[in-house]
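Good morning, colleagues. Please turn to the sequence and the model on the screen, and I shall take you through a few of the local features.

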Amino acid sequence: MSRLTFLYQMDLPHRAVAVYTYLHDRANKNGECWPSVNKIAGDIKLSPATVRRAIKDLRKAKLLVTKQRYRDNGGNSSLTYKIYSKNLNN
């Protein structure tokens with residue numbers, strides 16, 4: 001049985017499942033990754049707006065926490081994503 005089976009048992013939109021799976025595949029051993037919204041959108045063939053809605057869905061479901069990253073000059077960079085699972089010890 002897949003480690004992500006719990007996703008299909010939750011009441012999540014397809015966009016949220018797709019984004020969670022993408023982030024899960026790219027996360028380090030701590031469950032963290034930092035692709036840009038545009039990178040996620042391009043890779044999984046969704047619009048950036050749909051990816052943002054999916055991120056909001058995942059935050060609401062307590063499967064994702066985000067933190068803003070900053071460049072050396074103080075400008076915004078991509079978010080850091082920390083993924084969680086309903087059946088993991090994360």
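I shall speak about the nonpolar core, then a helix pair, then two loop residues, and finally one serine.

Please keep in mind that this is a predicted model.

Let me begin with the core. Which residues touch the most other members of the largest nonpolar core? They are Leu23 and Tyr81, in a core of 24 residues. Two or more residues come from each of helix H1 (5-9), helix H2 (14-26), H3, H4 and strand S3 (76-83). Helix H2 is the largest contributor, giving six residues. As a general remark, nonpolar side chains in soluble globular proteins tend to be buried together.

Leucine 23 deserves a closer look. Leaving aside residues up to four places away in sequence, leucine 23 touches Cys33, Pro35, Ile40, Leu64, Tyr81 and Ile83. Tyr81, then, appears among the contacts of leucine 23.

I turn now to the helix pair. How do the axes of H3 and H4 cross? Helix H3, residues 37-44, and helix H4, residues 48-60, have axes that come within 9 Å and cross at roughly 105°. The two helices are therefore roughly perpendicular to each other. On the H3 side, the contact is made by Val37, Asn38, Ile40 and Ala41, and on the H4 side by Pro48, Val51, Arg52 and Ile55. By character, these residues divide into six nonpolar, one polar and one charged. Ile40 of H3, which takes part in this contact, is also one of the residues touched by leucine 23.

Next, the loops. Lysine 45 is found in the loop between H3 and H4. Although not a glycine, lysine 45 has a positive phi of about 60°. Its relative accessible area is 71%, so lysine 45 is exposed. Lysine 62 also has a positive phi of about 60° and is likewise not a glycine. That residue sits in the loop between H4 and strand S2 (64-70). Lysine 62 counts as exposed, at 65% relative accessibility.

Finally, I come to serine 78, in strand S3. Is serine 78 buried or exposed? Its relative accessibility is 13%, so serine 78 counts as buried. A polar atom of the serine 78 side chain lies 2.8 Å from the backbone oxygen of tryptophan 34. The serine 78 side chain also makes a polar contact, at 3.1 Å, with the side chain of arginine 69. Beyond four places in sequence, serine 78 touches Trp34, Pro35, Ser36, Gln68 and Arg69. Pro35 is thus touched by serine 78 and by leucine 23.

Thank you for your attention.

Technical notes:
Residues are numbered from 1 along each chain as its sequence is written. This is a predicted model: local features need pLDDT of at least 70, side-chain atom pairs count only at pLDDT 80 or more; totals for chains, interfaces and linings use all residues. Side-chain values use heavy atoms; hydrogens and water are left out. Axes are lines fitted to C-alpha atoms, for helices over the stretch in contact, and angles run from 0 to 180 degrees between N-to-C directions. Helices (H or I, at least four residues) and strands (E, at least two) are DSSP runs, numbered from the N terminus. Angles under 35 degrees count as roughly parallel, over 145 as roughly antiparallel, 65 to 115 as roughly perpendicular and the rest as oblique. Contact means heavy atoms within 4.5 Å. Ala, Val, Leu, Ile, Met, Phe, Trp, Tyr, Cys and Pro count as nonpolar, Asp, Glu, Lys and Arg as charged, and the others, Gly among them, as polar. Buried means under 20% relative accessible area, exposed over 50%, partly exposed in between (1.4 Å probe, protein chains only). A nonpolar core is a set of buried Ala, Val, Leu, Ile, Met, Phe, Trp, Tyr and Cys residues joined through side-chain atoms within 4.5 Å. A polar contact is a pair of N or O atoms within 3.5 Å; within protein, one must be able to donate a hydrogen and the other to accept it, and residues adjacent in sequence count only if both atoms are side-chain atoms.
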